[in-house]
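Trainee: Could you take a close look at the ligand site for me? I would like to know what surrounds the ligand, and how the rest of the chain is arranged around that answer.

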Amino acid sequence: MRRCDVLVIGGGVVGQATAFWLLRKAPGLEVVVLERDPTYREASSGLRSRPRAECRRLTM
Ligand SMILES: Cc1cc2nc3c(=O)[nH]c(=O)nc-3n(C[C@H](O)[C@H](O)[C@H](O)COP(=O)(O)OP(=O)(O)OC[C@H]3O[C@@H](n4cnc5c(N)ncnc54)[C@H](O)[C@@H]3O)c2cc1C
């Protein structure tokens with residue numbers, strides 16, 4: 001069985017920021033982020049960024 005110090009469930013913006021700052025403060029920690037959807041299609045962080053992608057396309 002794989003062991004870690006901290007297991008973050010969910011790799012959206014909050015989960016990734018949590019992992020980032022934990023490692024920044026304590027680089028020796030073993031932090032694992034568990035994300036069920038690597039495409040981020042249904043994550044609210046991903047949904048939020050879609051309109052921005054549309055805007056970029058419109059201004060090009
Ligand atoms: C359309 C829309 C527009 C928005 N606009 C804004 C805005 O303008 N400004 C603003 O500040 N906020 C906005 N928000 C809110 C903001 O996007 C969210 O508050 C933020 O993205 C939440 O991040 P999160 O990491 O908590 O959740 P999410 O981004 O949803 O990430 C959670 C992750 O956890 C994963 N997960 C869930 N359960 C499990 C499990 N059991 N095992 C493994 N993985 C799991 C999911 O797959 C997902 O990737 C908007 C949201 C939406 C939907």
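Mentor: Start with the cut-off. A residue counts as near the ligand if its C-beta atom, placed from the backbone, lies within 6 Å of it. Keep in mind that this is a predicted model.

By that cut-off, 17 residues surround the ligand. The closest are Gly 10, Gly 12, Val 14, Ala 43 and Ser 45. Now sort the shell by class. Seven of its residues are nonpolar, six are polar and four are charged.

Which helices supply the shell? Helix H1, residues 13–25, gives at least two residues, and so does helix H2, residues 44–59. H2 makes the largest contribution, with four residues.

Here I would check confidence. The mean pLDDT of the protein is 82. A value of 70 or more is reached by 78% of the residues. Confidence peaks in strand E1, residues 6–9, at a mean of 96. It is lowest in H2, at a mean of 56. Over residues 52–57 the pLDDT is below 50. That stretch has zero contacts in the model beyond near neighbours in sequence. So the helix that gives the most to the shell is also the element with the lowest confidence.

Next, the framework. The protein has two helices and two strands. From the N terminus on, the order is β-α-β-α. E1 and E2 pair in the parallel sense, over four bridges. One pairing to find on screen is Ile 9 with its bridge partner in E2, Leu 34. Between these strands the chain crosses from E1 through H1 to E2. This β-α-β crossover is right-handed.

Now go to the loop between E2, residues 31–34, and H2, where Tyr 40 is found. Its phi is near 60°, a positive value in a residue other than glycine. Is Tyr 40 buried, exposed or partly exposed? Tyr 40 is partly exposed, because 15 other C-beta atoms lie within 10 Å; burial would take 20 or more, and exposure 12 or fewer.

Asp 37 sits in the loop between E2 and H2 as well. Asp 37 counts as exposed, because it has 12 C-beta neighbours inside 10 Å, and 12 or fewer is the criterion. Leaving out residues up to four places away in sequence, Asp 37 touches Glu 42 and Ala 43. Ala 43 is among the residues closest to the ligand. Asp 37 can also be placed against Gly 11: they are 26 residues apart in sequence, and their C-alpha atoms are 8.6 Å apart in space.

Last, the whole chain. Of the 60 residues, 0% count as buried. Consider contacts between residues at least 6 apart in sequence. Of these, 51% join residues at least 24 apart.

Conventions:
Residues numbered from 1 in each chain as written. Predicted model: local features only at pLDDT ≥ 70, side-chain atom pairs only at ≥ 80, totals over all residues. Nonpolar A, V, L, I, M, F, W, Y, C, P; charged D, E, K, R; others polar. Contact = placed C-beta atoms within 7 Å. pLDDT = per-residue confidence, 0-100. Pairing = 2+ DSSP bridges. Right-handed = clockwise from strand over helix to strand, strands pointing away.
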